[in-house]
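Work through the following exercises with the sequence and the model at hand. Each task is followed by a solution in steps.

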Amino acid sequence: MTDANDAVLIERRDAALWLRLNRPDTMNGLNQDLLDGLHRGLDRAAADPDVRCLVIAAAGRAFCAGGDLAYAQSLADQPHPPGRYSAGQLFLRRVRELFDRLESLDKPTIAAIQGITVGGGLELVLCCDLAVAARSARIGDGHANYAQIPGGGASVRLTRRLGLSRAKLLMFTGQLHPAGWYEGTDLLTAVVDDDQLEPHIAEIATHIASKSPVGLARMKMLANDALQVPPQVGLTMELEQSALHETSADWHEGIAAFNEKRTPKYIGR
């Protein structure tokens, strides 16, 4: 259970686990408490086979405004020996560790974007499999506005999602754009009316929960790897995973349910 004052609220809704960023006074700025809360949520999602989908949402008027700059300043003020990483650099590495873990989680993940989403908040979204935005949301990179550069993966993930030119436009200008500006791009799955954001995501999560967890995990791995390896390597990996998947209980259950004209009951093995 989580407390109302926790940096991340964890709530189970049917087969989906919702992690809600809960530092509204800082526009959900990233600090160590928030990272720890997200790790706890990922621990729970990974350990519970009945959790079929993970949703990251937020409280307040922002999804996430990136790094908590007051916290960042406190880290910068800490002395460090020459040749060693500063406290700020160590924190960025912890952010990277969390984001990499989220991206590689073997369950589908969805970002529920409302309000301001900028800098590290955008980088958090980029680590989710799907992202749905409220129509009033405003999204951008923002690092350039404060003489910062991305440290949570935007220079790589944003470029792959939006293409080189559009990613450079966001990074170079620091501008925020309305959610509709991203419609038709690979950043957002959908843009919906504000009051439909969570119902829409709950509907997606319900659909995902009806599928084979082991099948989804393998598809997610293959899709993520497809961006990293040559096409022929990816195609070979697909055949290998297909052969492996054919030995799973879920594969046999799916075929049996089709032939028997009934709804399949997947167990995730």
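**Exercise 1. Aromatic pairs**

Find how many aromatic pairs this predicted model holds, and classify the geometry of what you find.

Solution. The count comes to one aromatic pair. Its members are Trp181 and Tyr182. A pair of aromatic rings is described by the distance of the centres and the angle of the planes. For Trp181 and Tyr182 the centres are 4.9 Å apart, and the planes make an angle of 80°. Ring centres must lie within 6.5 Å to pair, and planes over 60 degrees apart count as edge-to-face. The pair of Trp181 and Tyr182 is therefore edge-to-face.

Next, decide whether each partner is buried, partly exposed or exposed. Trp181 has 28% relative accessibility, so Trp181 counts as partly exposed. Tyr182 has 0%, so Tyr182 counts as buried.

**Exercise 2. Charges over rings**

State which ring faces Arg13 and Arg93 lie over, and at what distance from the ring centre.

Solution. Take Arg13 to begin with: Arg13 lies over the face of Trp18, 3.9 Å from the ring centre. Then take Arg93, which is placed over the face of Tyr85 at 3.8 Å from the ring centre.

**Exercise 3. Cysteines**

Determine how many disulfides the structure has, and explain why Cys128 is or is not bonded to Cys127.

Solution. A disulfide is a covalent bond between the sulfur atoms of two cysteines. A search of the whole structure gives zero disulfides. Cys127 is in none, and the nearest cysteine sulfur to its own belongs to Cys128, 7.0 Å away. The cut-off for a disulfide is 2.5 Å between sulfur atoms. Because the sulfur of Cys128 is 7.0 Å from its closest cysteine sulfur, that of Cys127, the separation is too far for a bond.

As a last step, assign the burial of both residues. Cys127 counts as buried because its relative accessibility is 1%. Cys128, at 2%, also counts as buried.

**Exercise 4. The cavity**

Establish how many cavities of 30 Å³ or more are present, and describe the lining of the largest cavity.

Solution. The search of the whole structure finds one cavity of 30 Å³ or more. The largest cavity holds about 30 Å³ of space. Its lining consists of Leu19, Leu38, Leu42, Ile56, Leu98, Leu102 and Leu124. Helix 1 (32–47) and helix 3 (87–104) are the elements that give two or more residues to this lining. Sorted by character, the lining residues are seven nonpolar, no polar and no charged.

How values were computed:
Residues numbered from 1 in each chain as written. Predicted model: local features only at pLDDT ≥ 70, side-chain atom pairs only at ≥ 80, totals over all residues. Heavy atoms only, no water. 1 Å grid on protein atoms, 1.4 Å probe; cavity = no way out; pocket = protein on both sides within 12 Å on 5 of 7 lines; lining within 4 Å. Points joined across faces, edges and corners; volume = space filled by probe spheres on them. Helix = DSSP H or I, 4+ residues; strand = E, 2+ residues; numbered from the N terminus. Nonpolar A, V, L, I, M, F, W, Y, C, P; charged D, E, K, R; others polar. Phe/Tyr/Trp six-rings, centres within 6.5 Å; stacked < 30°, edge-to-face > 60°. Buried < 20%, exposed > 50% of the residue type's maximum accessible area, 1.4 Å probe, protein only. Lys NZ or Arg CZ within 6 Å of the ring centre and 35° of its normal.
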